[in-house]
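Let's walk through this one together, starting with a helix and working outwards to the cores. Have the viewer open as you read.

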Amino acid sequence: MTSLSFVIPAYDEETGIGPTLDSIPVTELMAAGYTIEKLVVDNNSTDRTAEIARQRGARVISQPRRGYGNAYQAGFAAATGDIIISGDADMTYPFAAVPAILAAFNQADLDFVTTDRLTRLNRAAMSRSHIIGNYILSFIMHLLFRAPFKDSQSGMWIFRRSIWQRLDSKHPGMPFSQEIKIDAYVGGFRCAEVPITYSKRVGHEKLSVFDAWRTFSELFKKRFALRHRIRTNASTTTPMTWRPVPKDSE
């Protein structure tokens with residue numbers, strides 16, 4: 001039986017963490033033959049995030065070092081599932097779409113799937129500056145790494161836990177999101193991207209202008225670090241495969 005680990009980083013998300021955990025389609029996934037682990041990484045919250053997560057049946061991992069990447073690295077290290085599924089604790093990502101994505105994931109024998117929020121753009125969920133910034137960052141990623149991802153900043157991924165130790169994704173902050181995609185693609189793993197419907201967040205926005213600038217600059221740092229690997233792996237990297245998820249599955 002295949003096991004799934006839902007890994008959800010959370011910093012002061014007492015409003016969204018309960019509904020987010022409740023949105024995981026446990027019954028449907030168990031009927032499909034999966035076992036489920038819900039793992040919440042409490043990133044030094046000052047509210048009731050951890051308490052509410054435990055009440056909803058999640059295993060809570062404490063990561064006192066704040067940062068998006070720090071939280072995910074702690075969560076992935078603690079996860080026990082054969083397949084890891086990520087997503088934010090604010091109801092933005094459609095966990096209801098996971099069964100359909102997993103079906104495509106298994107059918108194509110993929111290693112890593114990321115999601116695309118821009119094809120089915122929900123303008124109520126992103127500010128204009130957020131939308132423009134995502135398009136710019138995705139375009140730069142494509143130029144620097146030849147990676148055909150439409151949405152370089154999406155935070156919902158499905159991947160085999162066995163590949164995690166072979167990825168060199170170590171950034172402590174928001175750039176971790178683009179870094180894990182780059183590492184999976186440049187590393188030659190079988191990758192895909194699927195469109196999803198991104199929803200308006202529950203709770204307070206935490207992104208800042210500083211996060212956007214740091215994410216931009218880290219693309220160039222990563223390009224320099226991987227300059228030799230990109231040259232040698234370019235001809236062997238598996239091409240991107242599109243596996244659309246039906247809208248009624250979200």
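Helix α7 covers residues 176-186, and 11 of its 11 residues are buried, so the rest of the structure largely encloses this helix. Keep in mind that this is a predicted model. Being buried here means having under 20% relative accessible area, and in α7 that goes for nonpolar residues such as F176, I180 and V186, but also for charged ones, including E179, K181 and D183. Just after α7 comes G188, with a positive phi near 85°.

What does α7 pack against? One partner is helix α4, residues 68-78, whose axis comes within 9 Å of the α7 axis and crosses it at roughly 55°. Angles from 35 to 65 degrees fall in the oblique class, and α4 and α7 are therefore oblique to each other. On the α4 side, the contact uses Y68, G69, Y72, Q73 and F76, while α7 brings F176, S177 and I180. Sorted by class, that makes 5 nonpolar and 3 polar residues, with no charged ones.

Now for the cores. The largest nonpolar core has 37 residues, and V98 and I158 touch the most other members. Elements that each supply at least two residues to this core include strands β1 (2-10) and β2 (34-42), along with helices α1 (17-22) and α5 (98-107). Looking past its neighbours within four places in sequence, V98 is in contact with F6, L29, I85, M156 and I158. Another core, of 22 residues, lies apart from the largest one, and its members include V7, Y72, F76 and I163. Y72 and F76 should look familiar: both are on the α4 side of the contact with α7.

Technical notes: Residues are numbered from 1 along each chain as its sequence is written. This is a predicted model: local features need pLDDT of at least 70, side-chain atom pairs count only at pLDDT 80 or more; totals for chains, interfaces and linings use all residues. Side-chain values use heavy atoms; hydrogens and water are left out. A nonpolar core is a set of buried Ala, Val, Leu, Ile, Met, Phe, Trp, Tyr and Cys residues joined through side-chain atoms within 4.5 Å. Buried means under 20% relative accessible area, exposed over 50%, partly exposed in between (1.4 Å probe, protein chains only). Helices (H or I, at least four residues) and strands (E, at least two) are DSSP runs, numbered from the N terminus. Contact means heavy atoms within 4.5 Å. Axes are lines fitted to C-alpha atoms, for helices over the stretch in contact, and angles run from 0 to 180 degrees between N-to-C directions. Angles under 35 degrees count as roughly parallel, over 145 as roughly antiparallel, 65 to 115 as roughly perpendicular and the rest as oblique.
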